[in-house]
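Visitor: I'm new to this one, so please pick a single part and walk me through it slowly.

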Amino acid sequence: MSKSRFNPGSPHLNRRALLAGLSGALAAAVLPAAQRQAEATELSFSRVDLRGGHDADLAGLLPDAADDQSRRFQAAINEAAAAGRILRLPPGSFVISNIDLPDGARIIGVPGATRLIYGGRGHGMLAEGARRIELSGFTFDGANQRLGGHVTGLIHLRGVADAVIEDMEIAGSAGYGLTLEASGGRVSRSEISGAGLAGLYAVESRNLAITDNHVRDCANGGILVHRWSTGEDGTIIARNRVARISARAGGTGQNGNGINIFRAGNVMVTGNHVSDCAFSAIRANQASNIQITSNQAIRSGETAVYAEFSFEGAVIASNLIDGGAVGISVANFNEGGRLAAVQGNIIRNLSDRGPYPAEHAGFGIGIAIEADAAVSGNVIEGAPKWGVLMGWGPFLRAVNFTGNTIRACGAGVAVSVVEGAGAALISDNMFDQVPGGAIVGCRWNDVVTGDLATSGAGRFSHLTVERNRIA
């Protein structure tokens, strides 16, 4: 009996040994799993710490304190940038001035809850020569305080290779809300309002993207993309909403534009909604290879969409224009403005009154076109003076006007018959309710012929008028 008690072949002993072995194995398995979980948790927190934020309250910043916190804020951003971390701002208000953003500065707030207020002592935020700057998720209120002469914007980024401005609110700047000077990167999903000059001023940009922003209630401009001298720029301006832009500094188009392109080549302006601007919804000046497509221009004070002066190459297509003194103007052949395609636009509800006394041909015109252009598939309704002004004096060359619809306008097409005017083809268009004539010849601003759509066009060798339909 005693021998059988210790017999390895005993079924009782095997069962007990098996259970004991399983218990030990289970305990051995559980312990490493717990250890692995602890190690994984520790590693996870370690990684978060390595790439994560630097809390502003740990740097001594105090939300909603009455005191100016510029010194503490500067120390916090310097420390965070040096460590490669994000400066995370808590909810609350902070009064600051003269913040210099070091290379690698990344500041993130709580959208709608973190508010910086400019204290008026020089500049708000300034970066110079940085490789990358990121600002996101906070409001910066300029409080209409004066900016120093060394900056033009409440946030002024100069020579920043990759500027990332996202989910921001920039309000109440005495100058520009945001200035990007010789910089690249992107500005997106931000709201800029109440600027004393313009909402966003980008000059000498490097393939900048300005997308999905709301710019409103600015004194002299909405989104400005300029260069100091004519050259390639490459900025994309897409899906922005621009509204209520004034022209408090006056002029006849220098101010009061929703989107203004000046000297900047290869720029795309697409899918924007622009309304209630004192002058143009979109104005391109000396901007070659400009594309202005699929925008809405509502209640413009002067010319809704403008390509003017010494440009070569403009595509103006699929825009909807409702309201304005002129719908689309592609002008200034006398100064080199040429080469355009104007296609598939709807233009309606124009006025013969503008923001200054009428000059030259005046107001109430659907499309004005001069040189080396194809104009097709447009619908113009409600232009009080002329549906189309084609040429100005001798400044007319190679204009092909086909397949358009003009109705309820004072007259249809007013084409130049001045000596020296170049060739124009006017064919296969529809005219309806044009009491002043479907096609009339003009010497400058004066109508000097009858309706050339019915007779008399043959005496002008530069004109081909054929297959047009008068309803």
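Guide: Let's start with helix H3, on the face turned away from its buried side: Arg-71 and Ala-82 are the exposed residues there. Before going further, this is a predicted model, where local features need pLDDT of at least 70 and side-chain atom pairs count only at pLDDT 80 or more, while totals for chains, interfaces and linings use all residues. Residues are numbered from 1 along each chain as its sequence is written, and side-chain values use heavy atoms, leaving out hydrogens and water.

Now turn to the other side. Ser-70, Phe-73, Gln-74, Ala-76, Ile-77, Ala-80 and Ala-81 are the buried residues of H3 (buried is under 20% relative accessible area, exposed is over 50% and partly exposed is in between, with a 1.4 Å probe and protein chains only). They sit on the same side of H3, because they cover an arc of only 165° around its axis (the arc is taken from the directions from the helix axis to the C-beta atoms). The general idea is that an α-helix has 3.6 residues a turn, so residues three or four places apart point the same way.

How far does H3 reach? H3 runs over residues 70–82, and its end C-alpha atoms are 18 Å apart. That agrees with the 18 Å its 13 residues should span at 1.5 Å a residue (the expected span is 1.5 Å times one less than the number of residues). Helices here are DSSP runs of H or I with at least four residues, strands are runs of E with at least two, and both are numbered from the N terminus. Just after H3 comes Gly-84, with a positive phi of about 70°.

Follow Phe-73 off the helix and you get to Leu-116. Phe-73 is one of the contacts Leu-116 makes once neighbours within four places in sequence are set aside (contact means heavy atoms within 4.5 Å). The others are Leu-89, Phe-94, Ile-96, Met-125, Phe-138, Thr-139, Phe-140 and Asp-141. Leu-116 itself belongs to strand S6, residues 114–118. With a relative accessibility of 0%, Leu-116 counts as buried, and so does Phe-73 over on H3.

Take a look at Phe-94 too, since Leu-116 touches it. These two are 22 residues apart along the chain, yet 4.9 Å separates their C-alpha atoms.

So, to retrace the walk: we began at the exposed Arg-71 and Ala-82, went round to the buried side of H3, and used Phe-73 to step across to Leu-116 in strand S6.
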